[in-house]
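Please work through the exercises below with the sequence and the model side by side, and try each task before reading its solution.

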Amino acid sequence: YLQNSSGGAGTGDFNTDGTVDGIDFAIWRKNYTIASPTPTLLPSATPVPSSTPGPTPSGVSYYVGCDSNASDSNSGKSPTSAWATLAKASTFTGQNLILERGCTWNNQRLTVSRTGSPGNNIYVDSLASYATGNGGLPVIQRNSSGPNISLSGSHITVQNVELKGIAPGTASCTYNSVSETIPVGNVNGIDIETGAFNNTVQNIVGSGFYAGIFIKRDSYGNKILSNDLHDNTMLASGLTSGAFGVLIWGHDNEIAGNTISGNDVCSPSYGRDGSAIEVYGGSGTIGASNNIIHHNFASNSDAFAELGKTSSSQAANNTFAYNEFLYNSVHNHGIFLVTRGSNDSYGPILGTKLYNNSVYIT
């Protein structure tokens, strides 16, 4: 520990900076499995999700692409008769919606209002066998308020898609005498809409948003698994909130196995702001309660997690277990978790469980 090294990863210097320190420990923990007993306090503990999702189930598939064959006048039922726009794709009635790899849709929104059933989800996916150009993940990017993908139905799985947010505005902010231009807007990657339940978001890449994934009030039973959410640094138009990897207003959701980084932005209200996981009561009796956040790796977000509530809601009985948080940013403002007591206008936050988390803040 804190020893000079010239041998790279072979001597524990995983980031090859010439020093073996806590940063290397965090990288090691992230990339090498450590056998741990199942925590007894974690209800219905779910194994750490695989980084590779299972295959899209069989069933009628619709396709949306960007090659010369794509047109909204097509049937959409094969790669050679694919639709061209996400507005048309939002009308699909099959089991699966397949987005062509290598395509980019600008300032379009995909809305999935259909509902599957237990063990028979509706899928939004991309296939390596259906690709154009470089065959990279299909990209949806927007610069106007609202989500790139809206899930108002239930039993839906979204996977293997890249989402990008482009700020519709900017503002000036100064922190530690350094002036920054910050992105401003209310653009989200995926909204799981009010009352939607049992949806799964896995293996997506999301960046540039107010919230990479937003679980809205009274939405429950959703799983956010193995996603890469990075550099979501957008502040809302009021400049008082934003820069969230996952924003939770719902209850009984699971957030696990994600890599969340860079949710850190200059804030005129707070100096620095942003969090990998934001748990906020929203509205409703249950509010943002009974959520399980485990086995996530977060780095250089201003906070790993922040909890709050309104006078008419709750943010109670949330569990944080086996997460890892690394903060070595030059901004020198890292916080693992923010909770609140009864004298706080956003409190009290009750019943929070924290255990087996690894935190390294320089």
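## Disulfides and salt bridges

The link of C66 and C103 is left-handed, with -85° about the S-S bond, and this geometry, like everything that follows, comes from a predicted model.

**Exercise 1.** Determine which parts of the chain the disulfide of C66 and C103 links, and decide whether C66 is buried, partly exposed or exposed.

*Solution.* Begin with the bond itself: the sulfur atoms of C66 and C103 are 2.1 Å apart, which lies within the 2.5 Å that a disulfide requires. Next, place the two cysteines: C66 is in the loop between β3 (61–64) and α2 (86–89), while C103 is in the loop between β4 (96–101) and β5 (104–106), so that the pair links distant parts of the chain, 37 residues apart. Finally, turn to accessibility: C66 has a relative accessible area of 39% and is partly exposed, whereas C103, at 1%, counts as buried.

**Exercise 2.** Find how many disulfides the structure holds, and work out which strands the pair C173 and C266 ties together.

*Solution.* The structure holds two disulfides, and their pattern, with bonded cysteines counted along the chain, is 1-2, 3-4. In the pair C173 and C266 the sulfur atoms are 2.0 Å apart, and this link is left-handed, with -70° about the S-S bond. Because C173 lies in strand β12 (residues 169–175) and C266 in strand β23 (residues 265–267), the pair ties together parts that are 93 residues apart in sequence. C173 is buried at a relative accessible area of 5%, and C266 counts as buried at 0%.

**Exercise 3.** Establish where K216 and D191 lie, and state whether D191 is buried or exposed.

*Solution.* A search of the whole structure finds eight salt bridges, one of which joins K216 to D191, with the closest N and O atoms 3.4 Å apart. K216 lies in the loop between β17 (211–215) and β18 (223–225) and D191 in strand β14 (residues 187–192), so the salt bridge ties together parts 25 residues apart in sequence. K216 counts as partly exposed at 21% relative accessibility, while D191 is buried at 3%.

**Exercise 4.** Decide whether E306 and R340 are buried or exposed, using the relative accessible area of each.

*Solution.* E306 and R340 form a salt bridge whose closest N and O atoms are 3.0 Å apart. The cut-off needed here is that buried means under 20% relative accessible area. E306, with 17%, is therefore buried, and R340, at 18%, likewise counts as buried.

Key:
Residues are numbered from 1 along each chain as its sequence is written. This is a predicted model: local features need pLDDT of at least 70, side-chain atom pairs count only at pLDDT 80 or more; totals for chains, interfaces and linings use all residues. Side-chain values use heavy atoms; hydrogens and water are left out. A salt bridge is a side-chain nitrogen of Lys or Arg within 4 Å of a carboxyl oxygen of Asp or Glu. Helices (H or I, at least four residues) and strands (E, at least two) are DSSP runs, numbered from the N terminus. Buried means under 20% relative accessible area, exposed over 50%, partly exposed in between (1.4 Å probe, protein chains only).
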